[in-house]
Structures are given as structure tokens and as C-alpha cells.
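Visitor: I would like a close look at a single part of this structure, with its surroundings described in order. Please keep the account plain.

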Amino acid sequence: MEVYGEGKPLLLLHGNGGSINAFSQTIPYFSKKYKVIAVDSRAHGKTIDSKDSLSFEMMADDFSALLDKMHIDSAYVIGWSDGGIDALVLAMRHPKKVIKLASTGANLTPDSTALTPPTWNDMVNQYNRDKNKPRTTAKEKNDWKIFMLDYDQPNIPFSALKAIKCPSLIICGDHDVIPIEHTVKIYQAIDRAYLWVVPNSGHPTLQQHRDDFNKLVDEFFEKPYHKF
């Protein structure tokens, strides 16, 4: 965990196989007026996890416990990719902990409706190619656990998103590995949500369109939610 700046707490949640470094273009902007809390998720970055199992629910509970440890009642949240899923699950399981969330590139199921068919086919091919390979080192075991997280999970019904009570900004790129149609369904399932499909963007919206992303998410955090 790394903390930057002072002000209202803002939790940053990275994607699969990533680390705090994913937010190198996000932290400098938000740390000017937020207390930015950047976290290496369970089994990622510098966070060592020796358990066999890994789930988004575990990670969401980790983040809730971290806020408790820091004596923070609630925080703003930005999540990208798996971190976007984490943001949604955190708001579902611990609704009082999330003031507002921005989730970019999240999916709710591990299949070709929630990931583009080429992306999902690549994952299936990787699973079939590597499932029987011996994994002897801690890194090999951890890398496979992280891969299997996205191969088997998440498994969240759209109806379950009704549990999210905070204003939510649901984001994807127009050329994301998450189909726009899937992102739209996530947006539609949350009571108090906005949708932003970032033009000319792939999966890393927060990096490819850093200035627009930072400005628009900041404005979403600052302004009261307005239902159109």
C-alpha cells in the first residue's frame, strides 16, 4: 500500500496481474486534493498470498478491512479491469464503505458475452495449453492462481448489482476487451449510475486518455448525482 496527498480518501484498485504502477498517470492528478490509497491486491505486486484460492469477494473484504485499519469510514473508489470488478463487489458487500465509484473495464461473467470472443478464445486456449503443466515454484503457482481468477470468475448476476447504493460511473473503451453491450447492462443494473464509453480507446482507458479520464472522474466525484 502507498498513500499520497491529503483530503477525502480515494482507493485505487488495479487489474489482473498488475500493481500500484497501473496508476502512475492517475496518482499525480488526484493526490492534489485527495488522500490517495493505492493498493497491491491480494496475490499481486508486493502482496504475498500463499492460499490456494482467490476470489473477488476475498479482495473486496481485504479492501474493507484495510479501510477499517486506517480508521476510514468510507472512500471514493476507482477500479480498472479486475479492480473495476473489485470496486463493484466492494460496493455490494460493504455498501457503507463506498461514497462513489468509477469502474472501468469490468465484467460480470467469464465467457464470450462479457469478454470479446477473441479475448475469451485466447484464455480458453491458454487454459487448455497450460492446465496440466507442473507448477513447482511459488511464482508459477501464484501466476496460475491469478489466471484462473479471470478464467473462472466473476459470476455475478446483473440483478445482484441492485445492492449497489452509491452513485457509480461505469466506463469502457469503444474498443475494449469488454464488449460495450456488456458494460451497458452493468450500467443499467445499477440504480444511480452514469455510463461513459470512451471514444478511440481500448481497455486501458485511464492511461490512453489520461487527461479526459482524470478530469471526468474527478467531476463525477465532486458533483451531486443527477438522474436524467
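Visitor: Over how many bridges do E4 and strand E5 (residues 98-104) pair, and in which sense?

Guide: This is a predicted model. E4 and E5 are joined by five bridges, and the pairing is parallel. Within that pairing, Trp80 stands opposite Thr104 of E5. Between the two strands the chain passes through helix H3 (residues 82-93), and the β-α-β crossover from E4 to E5 is right-handed.

E4 also pairs with strand E2 (residues 8-13): four bridges join them, and these two strands run parallel. One position in that pairing is Leu13, whose bridge partner in E4 is Gly79.

E4 itself covers residues 75-80, and six of its six residues are buried. Both of its faces are covered. On one side lie Ala75, Val77 and Gly79, on the other Tyr76, Ile78 and Trp80, and all of these are buried.

Next comes helix H2, which has E4 among its neighbours. The elements that cover the buried residues of H2 include E2, strand E3 (34-39), E4, H3 and helix H5 (138-152). H2 spans residues 56-69, and its 14 residues should reach 20 Å at 1.5 Å a residue; the end C-alpha atoms are 20 Å apart, so the span agrees with expectation. The buried residues of this helix are Phe56, Met59, Ala60, Phe63, Ser64, Leu66 and Leu67. They lie on the same side of H2 because their arc around the axis is only 155°.

Some backbone angles around H2 deserve a note. Most residues other than glycine have a negative phi, and most peptide bonds are trans. Just after H2, His71 has a positive phi of about 60°. In the loop between E3 and H2 sits Ala43, with phi near 70°, a positive value in a residue other than glycine. Ala43 has a relative accessible area of 5% and therefore counts as buried. Asn200 also has a positive phi, near 55°, and is not a glycine. Asn200 belongs to the loop between strand E7 (193-198) and helix H7 (205-208). With a relative accessible area of 64%, Asn200 is exposed. As for the peptide bonds, the one that joins Gln153 and Pro154 is cis, with omega about -5°. Pro154 is located in the loop between H5 and E6.

H5 also takes part in covering another helix, H4: what covers the buried residues of H4 includes H5. H4 (residues 117-130) has 14 residues and reaches 20 Å from its first C-alpha to its last, close to the 20 Å expected at 1.5 Å a residue. Its buried residues include Trp120, Met123 and Asp130. These cover an arc of only 110° around the axis, which means that they lie on the same side of H4. Pro118, Asp122 and Arg129, on the other side of H4, are exposed.

One contact of Val177 leads back to H4. Val177 lies in the loop between strand E6 (168-173) and helix H6 (180-189). Leaving aside residues up to four places away in sequence, Val177 touches Ala114, Leu115, Thr116, Thr119 and His203; Thr119 falls within the range of H4, residues 117-130. With a relative accessible area of 27%, Val177 is partly exposed. From Val177 to Pro224 the separation is 47 residues in sequence and 31 Å in space, C-alpha to C-alpha.

Last come the cysteines. A search of the whole structure finds zero disulfides. Cys166 is in no disulfide, and the nearest cysteine sulfur, that of Cys172, is 19 Å away. The sulfur of Cys172 has that of Cys166 as its closest cysteine sulfur, and because 19 Å is too far for a bond, the two are not joined. Cys166 is buried at 6% relative accessibility, and Cys172 is buried with a relative accessible area of 0%.

To return to the part asked about: E4 pairs with E2 over four bridges and with E5 over five, and six of its six residues are buried.

Definitions and conventions:
Residues numbered from 1 in each chain as written. Predicted model: local features only at pLDDT ≥ 70, side-chain atom pairs only at ≥ 80, totals over all residues. Heavy atoms only, no water. Disulfide = S-S within 2.5 Å. Buried < 20%, exposed > 50% of the residue type's maximum accessible area, 1.4 Å probe, protein only. Pairing = 2+ DSSP bridges. Right-handed = clockwise from strand over helix to strand, strands pointing away. Contact = heavy atoms within 4.5 Å. Expected span 1.5 Å × (residues − 1). Arc of directions from axis to C-beta.
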